[in-house]
Amino acid sequence: MKILTQQDIINKLNSELFHRLTETADALGIECYLVGGYVRDLMLERATNDIDVVVVGSGISMAEAFCKRLGRGAHLSVFRNFGTAQVKWHDQEVEFVGARKESYSHDSRKPIVEDGTLEDDQNRRDFTINAMAVCLNSARLGELVDPFDGVLDLQDGIIATPLDPDITFSDDPLRMMRCVRFATQLRFQIEEETFAALERNRERIRIISQERIIDELNKIMRALAPSIGFVELHRCGLLELILPEVARLDCVETRNGRSHKNNFYHTLEVLDTVARHSDNLYLRWAALLHDIGKPRSKRWEPPVGWTFHNHNYLGEKMIAPLFRRLKLPLDERMKYVAKLVGLHMRPIAIADDIVTDSAVRRLLFEAGDDIDDLMTLCEADITSKNEQRKKNFLENFRIVRQKLVDIEEKDRIRNFQPPVDGDEIMRLFNLKPCREIGTLKTALKDAILDGKVPNEHEAALAFVLHKAAQMGLQPVAQQA
């Protein structure tokens, strides 16, 4: 990382928006600073649109004057209850707040806020790398105010709090999640005393709403290597409080000299592999949760050893209550994750045997439009250290993928609906809803998926008539 000089910073702020900020602050005669994430990312030379401005005075007054100076195309939003304002201009947003100091009660993360100095405002920041400020007034333009050596921590790749970490985390326990999130996103180390404070204060996370926690978890999940965050959450004890289903995977049991693999670290390997191939957040959730049924299903079966029979189905049933508890969406996204968890063993079972058309048809039928995501998850799930076995599996997966393409072109099984449906069967045989209709529909579906009957109306109708005759049913025309 290059240390930026004051002139370097001035050069990076050489845009109309920042010129107008400087003009506004000077015209009002108030101190104005760029703070927080924008300064951090400026120093790291990372792209960001997160522009936060602190003024020593009224942030709202500054925002109103700034919006007026920008003129046409600028839009002002004022949040008087919070003492903040936002100005949108073209594709940029600037948040304004007055410098403040904060104090907390033990049972809430909502602070008591008072007007303060820039020093007060920097003291209340969560981490040293977020406590830097850059002056926007023309007399000191580009001057870095860095009382906690945030630049040095950026250089060293360290996450540390400006003040006592126990107070920082106890006052606002959400900062514990943010600590892990920044360590994950930036691939930084959490400073030793800061990490010890995470361990000591982890129980305080219970006063934080699930919505806030899941917002931070999702940011961890979207990182390039989400495993970093889950290792840190587990090390400090937060994971057991937030996602005990995943924490329980960290277990290795040995009997008669035979051990099973550590499913926690296996899961994180799968998660990182999926993250390298897809930015689909809920596919990443499926990767994180795909083995959560293993602790419940684990059995010792001599002479086989450790088994986890039906862990995928157990895991699938655990998804809805887990999503409900975490305040994750209970819509199609939850059903998608549950489906992938329930099906994730199917392609592996197919690839471990002769890849038959019938097995591939059934897989395509059950996965539907999610088949490609399922295959991505299953390929990531092959983490065997036996390179030859891994190579064989991946080659078989290649065959499965090709068969999926060939069979879909030929049989149109994806999102397949039987060519003869229940309504037509009822009309054919003058039946009301009954068990016989279900029997005929299932027999037709199985016949098509097994390749015995083409996925076409004429052939399907002939099959239904033949099967019905075996059951003693006659069509209406023959009954007459």
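**Notebook: strands, two asparagines and some helices**

I started at N262, whose side chain reaches the backbone nitrogen of F264 at 2.9 Å. Before going on, I noted that this is a predicted model, in which local features need pLDDT of at least 70 and side-chain atom pairs count only at pLDDT 80 or more, while totals for chains, interfaces and linings use all residues. I also noted that residues are numbered from 1 along each chain as its sequence is written, and that side-chain values use heavy atoms, with hydrogens and water left out.

**Entry 1: N262**

I found N262 in the loop between β13 (258–259) and α14 (263–277). Helices here are DSSP runs of H or I with at least four residues, strands are runs of E with at least two, and both are numbered from the N terminus. The side chain of N262 also makes a polar contact with the side chain of D250, at 2.7 Å. A polar contact is a pair of N or O atoms within 3.5 Å; within protein, one must be able to donate a hydrogen and the other to accept it, and residues adjacent in sequence count only if both atoms are side-chain atoms. Leaving out residues up to four places away in sequence, N262 touches L249, D250, C251 and V252, where contact means heavy atoms within 4.5 Å. I then looked far along the chain: L28 is 234 residues from N262, and their C-alpha atoms are separated by 62 Å.

**Entry 2: N137**

Is N137 buried or exposed? N137 is buried, because its relative accessible area is 11% (buried is under 20%, exposed over 50%, partly exposed in between, with a 1.4 Å probe and protein chains only). N137 sits in the loop between β8 (133–135) and β9 (144–145). Its side chain reaches the backbone nitrogen of C32 at 3.0 Å. Besides C32, N137 touches T22, A25, D26, I30 and E31, again not counting residues up to four places away in sequence.

**Entry 3: β1 and its partners**

C32 led me to strand β1 (residues 32–35), which is covered on both faces: C32 and L34 are buried on one side, Y33 and V35 on the other. β1 pairs with β2 in the antiparallel sense over 4 bridges, and with β8 in the antiparallel sense over 3 bridges. Two strands pair if DSSP finds at least two bridges between them. L34 has V53 as its bridge partner in β2 and V134 in β8.

**Entry 4: on to β5**

From β2 (residues 51–55) I moved to β5 (residues 92–98), and these two pair in the parallel sense over 5 bridges. V54 stands opposite V97 in β5. V97 is also the bridge partner of T84. Strand β4 (residues 84–89) pairs with β5 in the antiparallel sense over 6 bridges. The hairpin of β4 and β5 has 2 residues between the strands, and H90 takes a positive phi near 55 degrees there.

**Entry 5: helices**

How do α17 and α18 lie to each other? They are roughly antiparallel, the word for angles over 145 degrees (under 35 is roughly parallel, 65 to 115 roughly perpendicular, the rest oblique). Residues of α17, including Y313, I319 and F323, meet residues of α18, among them M334, V337 and V341.

Last, I checked α21 (residues 371–380), where 7 of the 10 residues are buried, so this helix is largely enclosed by the rest of the structure. The buried residues are I371, L374, M375, T376, L377, C378 and A380.
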